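Please look over the model below before reading my notes. I have kept the points short.

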Amino acid sequence: MIEKEVKIVVEYPSLDELRESLEKELKLLDIEKQEDIYFNYVYRNFKITDEAVRIRVNNKRIELTYKGPKLHSSLKAREEISIVVNDLNKTIELLRKIGFYPVITIKKTRINYLDKSFIISLDLVENLGQFIEIEAISEISDQEIHNYTSSFIRKYKIKGKLTTKSYLELLIDKYEANPKSNSNTY
């Protein structure tokens, strides 16, 4: 499956203020506490290949996910394959045995809303800040996602900037700029 999304680094309004507005108009899907453990591989550097392998603990659900390189697009679009696993420790042990090693853990609170063909996620990411992700849940064109995103930003008077970087890339950039702030690595 190809995941297509737009990510906004939010400066204004706060996520709490935005949540108040969204709850008047959109359907609240759920509130999630997510912990993402990212891995690298002994024989391939995922930073260079633009891939990711992650275990996500989401409330009580555990998923193992592979994310392929970003496709040439003005959106963050990439192949994503996920499977549900039932034992976190055994999954980590299995990955270690075949050459994967954990490199960073990212924790966030995510509030999800449904609006037509989009999931709107308000993300508060530990050590990184507040974000909005707008993800298409059906096959639509890049232009339709851009149009929806522009309309959403205008409607809710959002000030911020668009990024195609993942939270992993943003956090690594932050740590490389200030190595002393690195408290999330193993």
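The points below cover one strand and its partners, the largest pocket and a surface patch.

1. Status. This is a predicted model. Please read every point with that in mind.

2. Burial of β3. Strand β3 spans residues 52-58, and 6 of its 7 residues are buried. The strand is therefore largely enclosed by the rest of the structure. Buried here means under 20% relative accessible area.

3. Pairing with β2. Strand β2 covers residues 27-41. It pairs with β3 in the antiparallel sense, over 6 bridges. One position to check on screen is D36, which stands opposite R56 of β3.

4. Pairing with β4. On β4 (residues 61-70), the count is 7 bridges to β3, and the two strands run antiparallel. K67 in β4 is the bridge partner of A52.

5. The hairpin. Between β3 and β4 there are 2 residues. Which residue of this hairpin takes a positive phi? It is N59, with a value near 55 degrees.

6. Largest pocket. Its space comes to about 970 Å³. The lining has 48 residues, and D36, Y38, R54, R56 and K67 are the closest to the centre. Strand β2 gives the most to this lining, with 8 residues. Note that D36 and R56, the facing residues of point 3, both appear in that central group.

7. Surface patch. V42, Y43 and Y101 make a nonpolar surface patch of about 370 Å². Y43 sits in the loop between β2 and α2 (46-49). Is Y43 buried or exposed? Its relative accessibility is 70%, so Y43 counts as exposed; the cut-off for exposed is over 50%.

Notes
Residues numbered from 1 in each chain as written. Predicted model: local features only at pLDDT ≥ 70, side-chain atom pairs only at ≥ 80, totals over all residues. Heavy atoms only, no water. Buried < 20%, exposed > 50% of the residue type's maximum accessible area, 1.4 Å probe, protein only. Helix = DSSP H or I, 4+ residues; strand = E, 2+ residues; numbered from the N terminus. Pairing = 2+ DSSP bridges. Patch = residues over 30% accessible without salt bridge, like charges linked within 9 Å, V, L, I, M, F, W, Y side chains within 5 Å. Areas by Shrake-Rupley, 256 points an atom, 1.4 Å probe, with all protein chains shown as cover. Salt bridge = Lys/Arg side-chain N within 4 Å of Asp/Glu carboxyl O. 1 Å grid on protein atoms, 1.4 Å probe; cavity = no way out; pocket = protein on both sides within 12 Å on 5 of 7 lines; lining within 4 Å. Points joined across faces, edges and corners; volume = space filled by probe spheres on them.
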